[in-house]
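This report describes selected features of one protein model together with its ligand. Please keep the sequence and the structure at hand while reading.

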Amino acid sequence: MQKLIINGGNRLNGEITVQGAKNAVLPILAASILCKGDIMLHNCPRLSDLYSAMRILSSLGCSAGFDGGSTLCVNTDGLSSCDIPDRLMREMRSSIFFLGALVGRTGDCRISLPGGCDIGQRPIDIHISALRKMGVTVTEQHGEIECRCEKKLKGAKISLSFPSVGATENIILAAVLAEGRTEITNAAREPEIIWLADFLNLCGADIKGAGGGTITINGKKELHGCEFTIMPDRIAAATYLACTACTGGEIILKECNPRHLDSVLSVFEQLGCNVGCTENMICFGAKYPLHSIDIIRTMVYPGFPTDCQAFVMSAACIAQGTTVFVENIFENRYRHAEELRRMGANIRAEGKVAVVEGVKKLYGAKVSAPDLRGGAGLVAAALCAEGTTEISGLNYIDRGYEEIENVLASVGADIKRI
Ligand code: UD1
């Protein structure tokens, strides 16, 4: 079993180039099923979730491989199956994107329920009811989902009961080759949705309004391949800022998009950090002691992201005063709090609310990453803790961070993987 060994106390100083976005590349890989010809995706992060998506593509008869660098070459002309084996579906939550893409291309798909981090129930009812509106017959039995549509999928007016990111993306995937016009209202506005739409539009789709609450898609007969660059990962960027906030120091994040991080940067400023931005760079300085923040509520974009809650909580653990978190998106997303308590944090979490009383110091301990972002929170805490922290559960952290130990060591952290 691999572990991260972190000796806390080093300030972080230097430059980090932000990786490509996990949450953008995964739906785009599923979208490649809808396109004929070669696709070249630049700036792809080497993450275990991305390798899972590549295994799904290969099990369907498609090809996907790195060119040696960060460019992924994909071709789905050889698609020969519409069944995704259970073991591959369970590897990650984003396997669900293949549902919309496969049904969109072939009108046929058999999958089981997706796996992923245990941060709540994560149902897919919104995805399924949208597909039904588009003429797909969906049968759910014993954790298996079968989708069939004898003729072409039909465009429909779909109003989401909640602006689900995954459902918005899945509907776009199902709609780009459907007959007629689809309109999604109360759509999610996350930047990754804009990137998915930009990719598909470059391949010949007609999607308007991505990034806003109403998205319209006019179905096309076919899509072609293209060359496309994946956006920077806003959550990874925020993670490295949290690590710097916890340790003190100054860091420059290169090749990131500060406009995607407005709500997060404002929270770091309230913690007492200095933030300066250019078009694609963030200059960040952390000063001790950090200040507590009255209340941090997770919200859909452009609100404060649930994916940043865990590692910002690590910074709040050593801030002066009390910070209250309200988690509005997932119902089971405070599992890192228990691990942080082993490191000396003073956190009471119940239901949606966690109350964090800042302490002077955290201490090294043996802890286990409970999920991807919770694991990142433990890394941030370990970097400022007195003594040595051993973090297990790296399979979660590796889902979303490309060589996290090398990135942090390059800016001065004492961290290694054993
Ligand atoms: C995506 C992100 C994830 C992020 C989350 C919220 C990807 C690959 N993952 O996940 O990192 O934490 O957005 O910003 O992009 N819901 C339902 N029924 C559904 C779908 C969702 O009730 O059919 C609920 C979920 O249980 C959750 C909320 O809606 O409580 C938000 O989920 P959603 O926006 O769909 O998140 P994901 O797409 O799974």
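The sections below treat the ligand site, one aspartate of that site, and two groups of paired strands. The model is a predicted one.

**Ligand site**

The ligand is surrounded by 18 residues. The closest of these are D125, S164, G166, D307 and I329. Taken alone, the ligand exposes 740 Å², and the protein buries 87% of that area. Three pairings of ligand atoms with protein atoms are listed in the table.

| Ligand atom | Protein partner | Distance |
|---|---|---|
| Oxygen | N or O atom in the side chain of R122 | 3.3 Å |
| Oxygen | Polar backbone atom of P123 | 3.3 Å |
| Nitrogen | N or O atom in the side chain of D125 | 2.8 Å |

D125 thus appears both among the closest residues and as the side-chain partner of a ligand nitrogen atom.

**Surroundings of D307**

D307, another of the closest residues to the ligand, lies in the loop between strand β19 (295-297) and helix α10 (309-317). Is D307 buried or exposed? D307 has a relative accessible area of 16% and therefore counts as buried, because the limit for a buried residue is under 20%. When neighbours within four places in sequence are left aside, the contacts of D307 are N23, I235, R333 and R373. With one of these, R333, the contact includes a polar contact of 2.8 Å between the two side chains.

**The open sheet with β4**

An open sheet is formed by 4 strands in the order β5-β6-β4-β15, and the pairing within this sheet is mixed. Its edge strands are β5 (63-66) and β15 (227-229), each of which pairs on one side only. Neighbouring strands of the sheet are turned against each other by 20 degrees on average, direction ignored. Helix α2 (residues 48-59) packs on the sheet and touches β5 and β6 (72-75). The direction of helix α2 makes about 145 degrees with that of β5.

Strand β4 (residues 38-42) pairs with β15 in the parallel sense over 3 bridges. In this pairing, L41 stands opposite F228, and H42 stands opposite T229. With β6, strand β4 pairs in the antiparallel sense over 4 bridges. I39 has V74 of β6 as its bridge partner.

**Strand β22 and its partners**

Strand β22 (residues 353-357) pairs with β20 (residues 322-326) in the antiparallel sense over 5 bridges. In this pairing, E357 of β22 is the bridge partner of T322. Strand β21 (residues 346-350) also pairs with β22 in the antiparallel sense, over 5 bridges. Here V356 of β22 is the bridge partner of I347. β21 and β22 form a hairpin with 2 residues between the strands, in which G351 takes a positive phi near 60 degrees.

Which side chains of β22 point to the buried face? A354 and V356 point to one face and are buried. V353, V355 and E357 point to the other face and are not buried. In a regular strand, the side chains alternate between the two faces of the sheet. The two bridge partners named above therefore differ in their setting along β22: V356 is buried, whereas E357 is not.

Terms used: Residues are numbered from 1 along each chain as its sequence is written. This is a predicted model: local features need pLDDT of at least 70, side-chain atom pairs count only at pLDDT 80 or more; totals for chains, interfaces and linings use all residues. Side-chain values use heavy atoms; hydrogens and water are left out. Two strands pair if DSSP finds at least two bridges between them. Axes are lines fitted to C-alpha atoms, for helices over the stretch in contact, and angles run from 0 to 180 degrees between N-to-C directions. Contact means heavy atoms within 4.5 Å. A residue is near a molecule or strand if one of its heavy atoms lies within 4 Å of it. A polar contact is a pair of N or O atoms within 3.5 Å; within protein, one must be able to donate a hydrogen and the other to accept it, and residues adjacent in sequence count only if both atoms are side-chain atoms. Accessible areas come from the Shrake-Rupley method with a 1.4 Å probe; for residues, only the protein chains shown count as cover. Buried means under 20% relative accessible area, exposed over 50%, partly exposed in between (1.4 Å probe, protein chains only).
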